[in-house]
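This report goes through selected features of one protein chain. Have the sequence and the model at hand while reading.

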Amino acid sequence: MPDYHTYRAAEERLVSYLKENKMRCTQERLIILSHITSLGRHFTAEQLVKDLCEMQHISTGTIYNNLALFCDAHIIRILPHRKQYGAEYELCLSDENSLRFICTRCGREVEFKNKVIEHLLNESRFSNFNMDNFSLVVYGNCKTCRKKRK
């Protein structure tokens, strides 16, 4: 079951985006959105297809098209650093920045906050580019994998 506030924020952003672009708010879009907000984790298009095609009779094409639409509407974003799983997505409703350590051996992922990095990027001026938020990924080996290797 999706978190009510998360779903409402996503639905509000979707409806606004659809109105601005003269598109319809279909039942299929709302079902896909509801499922995404209920996951509470990263997900792949393949997972959505598996979850929704049988249960809700939503076509694969509809799922892929709406993932692109949700990206354009800034409801979800692609996580390009997780290529071993195919393209992964995550909710990005807030303008919160994403900072992560990822172990290249076991895939363990740790999110962290760093005000210095956030301040540096927010204060940087990029010509012809306005930054909304950012995602920073640091690759390496976690403590557990380093111990196993020795």
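## The positive patch

K143 sits in helix α6, which spans residues 143-149. The model is a predicted one. K143 has a relative accessibility of 54% and so counts as exposed, since the cut-off for that class is over 50%. Together with R146, K147 and K150, K143 forms a positive patch on the surface.

## Overall layout

The secondary structure of the protein chain consists of 6 helices and 6 strands. In sequence order these elements give the pattern α-α-β-α-α-β-β-β-β-α-β-α.

Taken along the principal axes, the C-alpha atoms of the protein chain fill a box of roughly 55 × 40 × 25 Å. The protein chain has 150 residues, and 35% of them count as buried.

## Cysteines

How many disulfides does the structure hold? The number is 0. C92 takes part in no disulfide, and its nearest cysteine sulfur, that of C71, is 7.5 Å away. Because a disulfide requires two cysteine sulfur atoms within 2.5 Å, the 7.5 Å between the sulfurs of C92 and C71 does not qualify. C92 has a relative accessibility of 10% and therefore counts as buried, the limit for that class being under 20%.

C145 is likewise in no disulfide. The nearest cysteine sulfur to that of C145 belongs to C103, at 3.6 Å, which is also outside the 2.5 Å cut-off. With a relative accessible area of 7%, C145 is buried.

## S34 in helix α2

S34 is part of helix α2, which runs over residues 27-39. Is S34 buried, partly exposed or exposed? At 23% relative accessibility, S34 counts as partly exposed, because values between the buried limit of 20% and the exposed limit of 50% fall in this class.

S34 and E11 are 23 residues apart along the chain. The distance between the C-alpha atoms of S34 and E11 is 8.5 Å.

## F126 in a loop

F126 is placed in the loop that connects α5 (115-123) and β6 (135-140). The relative accessible area of F126 is 40%, so this residue is partly exposed.

How many residues apart along the chain are F126 and R13? They are 113 residues apart, and 27 Å separates the C-alpha atoms of F126 and R13.

Conventions: Residues numbered from 1 in each chain as written. Predicted model: local features only at pLDDT ≥ 70, side-chain atom pairs only at ≥ 80, totals over all residues. Heavy atoms only, no water. Patch = residues over 30% accessible without salt bridge, like charges linked within 9 Å, V, L, I, M, F, W, Y side chains within 5 Å. Areas by Shrake-Rupley, 256 points an atom, 1.4 Å probe, with all protein chains shown as cover. Salt bridge = Lys/Arg side-chain N within 4 Å of Asp/Glu carboxyl O. Lys, Arg positive; Asp, Glu negative; His and termini not counted. Charge placed at Lys NZ, Arg CZ, Asp CG, Glu CD. Helix = DSSP H or I, 4+ residues; strand = E, 2+ residues; numbered from the N terminus. Buried < 20%, exposed > 50% of the residue type's maximum accessible area, 1.4 Å probe, protein only.
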